[in-house]
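Visitor: Please take one part of this structure and go through it closely. After that, place it beside a few other parts.

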Amino acid sequence: MILLWMIIVLLAGGLLCWLLGRQSAGYARWTALLTVSADMVLACCLCWLYHEFPDKSSWFINYQINWIPSMGVSLHVALDGFGMVLLLLTFFLGILAVLCSWNEIRERAGFYYFNLLWTLAGISGVFVAMDLFLFYFCWEVMLIPMYLLIILWGDSRRRYAAYKFFLFTQAGSLLMLLSILAVYFIHGQQTGLYTFDYFELLRTTFQSGTAWWIMAGFMIAFTIKLPMVPFHNWLPDAHSEAPTAGSLLLAGLLLKTGAYGIIRFVLPLLPEASVAISWWAMLFGVIGIIYGAFLAFSQTDIKRLIAYTSVSHMGFVLTGIFSFSEIAMQGVVMQMLTHGLSTGALFVMAGMLKERLHTRDITKMGGLWTSMPAMGGAAILFTMASSGLPLLGNFIAELFILLGTFTVNVLFSVLASVGLVLSALYGLRLLQRVFMGAIVVTNPVRDLSTREMLIMAALSVSIVALGLYPQPVIDTVHHLSFTLQPLLHE
Amino acid sequence: MQQYLYLIPAMPLIGFLLLITGGAQFPRYVTAMIGAGSICVSAIIAITMGAQFLLYPPLEGVYHQQLWHWFNIGKLHADIGLQLDAMSLVFVCIITFIGALIHIYSIAFMEHDRDYARFFASMNLFVCSMLLLVMANNLVLLYLGWEGVGLCSFLLIGFWYESEANCMAARKAFVITRIGDTAMIIGLFLLFRELGTLNIREILALAPQYFTTGNTTVTWIALLLLAGGMGKSAQLPLQTWLPDAMAGPSPVSALIHAATMVTAGVYLIARMHTIFELSPFTMHLTAIIGALTLLVAGCSAMVQTDIKRILAYSTISQIGYMFLALGVGAWSAAIFHFFTHAFFKALLFLAAGAVIETLHHEHNIFKMGGLRKDMPLIFRTFIIGAAALAAVPFVTAGFFSKDEILWFAWSAAGGHPLLWVTGLLGAFITAFYSTRLILVVFWGERQTTPGKLPSSAMNIPLVILAIFSIGAGWIHLPHLTQVLPETVLKPAHPEEIIFQFIAIFSTLLGIMTGYMLYYLYPHTIRGWKESEGLMSVRNFFYAGWKFDQLYDVLFVRPFVFITQVNRNDVTDKIYSGIATIHLQLNRFLSVSQNGSLRWYVAGVLIGILFIITLQILR
């Protein structure tokens with residue numbers, strides 16, 4: 001029940017923000033902050049309890065009440081370690097998203113926080129829903145408020161970006177809906193029990209031809225979200241036009257729902273079909289790593305640049321998942337967390353720069369380290385995180401993925417490693433164009449405020465902690481290797 | 001004693017953390033005290049521990065301390081764990097001791113810099129990473145230190161970041177070493193796949209049982225590790241970043257780009273010696289790369305005009321000697337050369353820094369001249385450093401270490417007369433350019449008026465380093481044989497004494513040549529400058545054998561070209577194409593919706609006719 005409460009708190013908090021926002025923007029943002037913090041506290045408590053929980057291979061929380069019994073739809077939510085770390089990430093980034101919108105959003109603040117909280121509600125719903133209908137429902141709940149965030153509070157090309165975002169993801173969602181229905185009916189025909197329940201549907205067997213088509217539907221939806229080259233085109237536009245918090249949630253959380261979907265639904269539901277496409281999926285992952293890095297290198301818009309680095313990093317995720325190696329799978333989870341933190345931090349910084357300089361063009365920046373030593377330091381930390389420097393969490397993630405992939409396919413692992421060199425190229429270019437070089441910006445720029453410092457400090461501490469002591473995360477998601485046992489090598 | 005092992009890297013780390021959190025608020029002397037003090041404390045601990053280690057050797061010849069489990073999944077586990085054996089002890093002592101001297105020197109050298117705290121913070125982080133590199137008990141932690149020093153090198157080369165050139169140099173250093181690092185990490189993957197562990201001791205123990213000599217896999221592993229070493233140690237063909245790295249402040253060049261970081265490759269190869277011994281091919285390749293590098297870099301050093309670039313090329317060349325030694329299996333000789341080189345090269349860089357500062361940031365040696373009388377102390381220490389570099393017989397440390405390498409280059413089991421000849425030629429070149437450097441800078445006419453002479457905080461480290469540049473040759477490192485195998489000699493090898501004579505002769509010949517060309521008969525060189533052929537050779541050497549231009553054409557331009565062509569993402573065309581098709585279709589159909597009644601009636605009639613026709617034809 002507590003999981004439903006978490007979502008309800010967010011939904012209700014959102015409505016409250018909307019109402020209070022009419023009075024004053026201050027009420028709205030404090031309400032939003034308190035709402036997400038309340039959920040964060042709940043999630044931390046759960047995490048605490050989970051570590052006492054004896055049998056890590058079974059579900060920690062499993063709760064079900066009827067919703068539409070005639071169709072076999074129920075409010076079935078469940079939590080395991082994997083969902084737990086993602087929930088923690090969701091609320092953590094949620095708090096930061098509220099904080100970084102603090103001064104940025106002045107118009108219609110109430111409605112803004114409503115959308116923000118509903119997006120978060122949708123995302124947390126996705127991570128706990130164990131009923132495919134509910135999952136699909138939450139999938140859409142996170143989409144529409146995000147669309148509104150982009151189109152109402154975005155930058156100059158926001159309409160284009162928002163339409164593109166909506167069309168791409170909606171196309172994927174519809175294919176996924178078809179697949180869900182197919183699974184529903186096939187299961188119904190086989191057993192006579194028409195249900196959307198995840199655990200029931202896991203027992204379905206598919207003929208290989210049908211399985212392939214069902215998998216294709218799911219995979220397209222998830223790889224658009226991930227995103228995989230060549231379905232990535234919505235991402236640079238949406239990221240660059242969205243308000244800062246929007247970019248943070250997009251990069252930090254929405255992309256992760258794609259990876260989550262593959263691991264939670266595609267692999268267990270359709271193992272044979274997944275194995276059949278694994279070579280191709282890894283190939284496209286590697287293509288994504290290299291293609292994204294090449295594009296990132298040539299961008300002059302700071303947010304587009306960061307957006308393409310996401311394409312590159314998510315290539316690691318795809319490659320890692322389909323290498324079916326236990327180590328790589330752990331790396332994938334780590335990558336989901338650390339990419340959320342590091343890229344989120346970079347987007348937050350891009351937002352701060354935009355607030356100060358009113359541009360996203362890196363050719364109009366330069367030498368900012370002099371006036372902003374603290375931000376310069378943070379920028380070094382996070383570009384280095386993005387280039388996979390050891391000591392920081394991203395390294396652990398990439399090390400696991402590459403190491404795990406290496407045992408399966410040497411060539412792909414080696415090609416993916418090239419991504420390490422490319423990431424240094426674009427990372428340093430970003431860093432040097434903005435913070436080093438001749439001083440271009442003449443009017444004084446203020447360094448981080450206390451609120452901004454707090455955001456960066458929280459992100460820095462987490463990324464270093466994950467780099468130096470990733471074992472708690474590894475232990476928490478260890479059960480994945482039981483769930484995916486039949487698929488994994490070794 | 002070993003429970004205090006963690007303090008050695010922890011001290012600089014604490015210094016770094018204090019300086020980045022509060023650096024801007026601290027007054028200068030506090031910054032200096034934290035920055036230099038942390039390294040001094042670390043050096044004292046390291047030396048005490050070293051003395052303890054030598055007096056009461058631990059049972060297995062190694063101190064170790066496990067701090068915490070880093071990660072642990074299935075077979076893969078790594079600890080944050082430190083170890084100290086005879087070889088890491090040499091490195092730790094050099095890093096902390098020379099590091100402390102250079103930090104003290106920097107207190108005065110960087111005195112007027114705006115970013116005093118940032119400088120010491122980066123330097124402290126560097127020392128911490130470098131210590132982790134040499135003390136790591138597993139290769140992942142070693143890699144952490146390895147990348148950490150790369151980051152600090154980047155930050156310190158680009159320390160004066162307002163200049164575009166410095167930033168480019170910093171970026172170049174980071175990217176080129178990253179290429180080597182990536183090869184190295186692939187080597188780690190391969191090692192893990194084969195042996196199932198990344199713990200150094202376990203690897204060294206398992207490898208000989210698991211691999212046969214000359215096995216393809218072990219050769220690949222060794223080659224990949226070698227590539228990592230080549231990147232960090234600036235060996236051919238990844239040497240191009242080091243001369244540009246001189247853009248950083250002189251203490252940085254002394255510590256990172258001469259004494260410590262650039263020898264990380266030597267450490268890695270010596271550390272993984274078992275793997276290399278299993279692959280004779282890689283050993284030969286290492287020796288050849290070392291020999292070629294020492295020659296190529298030596299030739300470039302002969303014609304440089306920037307005092308720091310001369311020293312940079314000479315560093316590449318001296319590390320070439322170390323690689324040569326490693327390649328022929330003269331493990332201890334390589335470490336010994338590292339040991340002596342660290343002192344005299346740090347000394348040379350610090351003295352050069354003092355000269356540059358005094359002459360108002362003048363780098364060109366031909367604009368120096370006559371400094372012998374103006375800067376007597378710097379002159380004396382510089383000449384000691386240069387003599388050690390040139391390996392002046394018997395009185396300098398460089399002689400003992402280089403002589404040993406030359407002897408092994410011929411007579412060790414992996415040695416070859418050609419390697420020896422190259423080494424000998426290198427010794428001649430080294431002696432020549434050292435002499436040239438001294439004569440041009442300190443003799444002749446005064447070209448630039450010196451400013452304020454360096455203070456004692458800068459002089460004292462120079463004197464200490466000068467003492468070690470002479471004395472370090474007499475320090476023997478016998479304990480190294482606990483860790484590194486003895487060098488195997490060829491069954492029939494000639495007497496060592498003959499080789500010593502030849503080596504001494506070639507050094508003296510080099511000094512003589514330098515003396516003749518730059519002191520006795522300077523017009524000879526002027527005559528050579530007339531000759532076009534000689535000048536083109538000179539320019540070729542001057543440009544570092546045109547490696548930069550080659551890489552520019554081969555890699556940089558194609559890469560930039562491709563990325564620029566695809567700036568707007570070609571895949572986007574697919575989707576905008578779909579959108580365009582729909583828009584066109586929409587436009588086409590909207591033509592029919594024009595509001596004219598006649599048009600609609602015509603449309604309806606055509607439709608009716610069409611249906612009737614279909615009915616009739618059916």
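Guide: Two strands count as paired if DSSP finds at least two bridges between them. The model is a predicted one, and the part to look at is a pair of strands in chain A. Strand β1(A), residues 61-68, and strand β2(A), residues 73-79, are joined by seven bridges. The two strands run antiparallel. In this pairing, Val77(A) of β2(A) lies opposite Tyr63(A). The strands form a hairpin with four residues between them, and Gly72(A) has a positive phi there, near 75°.

Chain A also touches chain B: 41 residues of chain A are in contact with 39 of chain B. On the chain A side, the elements that give two or more residues are α11, α13, α15, α16, α17 and α19 of chain A. The largest share, nine residues, is from α17(A). By type, this side of chain A has 28 nonpolar residues, eleven polar and two charged.

Within chain B, helix α3(B), residues 86-109, packs with helix α15(B), residues 331-358: their axes come within 10 Å and cross at roughly 5°. Angles under 35 degrees count as roughly parallel, so α3(B) is roughly parallel to α15(B). Residues that make the contact include Ile94(B) and Phe109(B) from α3(B), and Phe339(B) and Glu357(B) from α15(B). Twelve residues of this contact are nonpolar, one is polar and one is charged.

On the scale of domains, chain B is divided into domain 1 (1-137), domain 2 (161-473 + 495-528), domain 3 (535-562) and domain 4 (568-617). The centres of domain 2 and domain 4 of chain B, taken over C-alpha atoms, are separated by 77 Å.

Conventions
Residues numbered from 1 in each chain as written. Chains lettered and ligands numbered in written order. Predicted model: local features only at pLDDT ≥ 70, side-chain atom pairs only at ≥ 80, totals over all residues. Contact = placed C-beta atoms within 7 Å. Nonpolar A, V, L, I, M, F, W, Y, C, P; charged D, E, K, R; others polar. Domains from an automatic or database assignment. Axes fitted to C-alpha atoms, helices over the stretch in contact; angles between N-to-C directions. Parallel < 35°, antiparallel > 145°, perpendicular 65-115°, else oblique.
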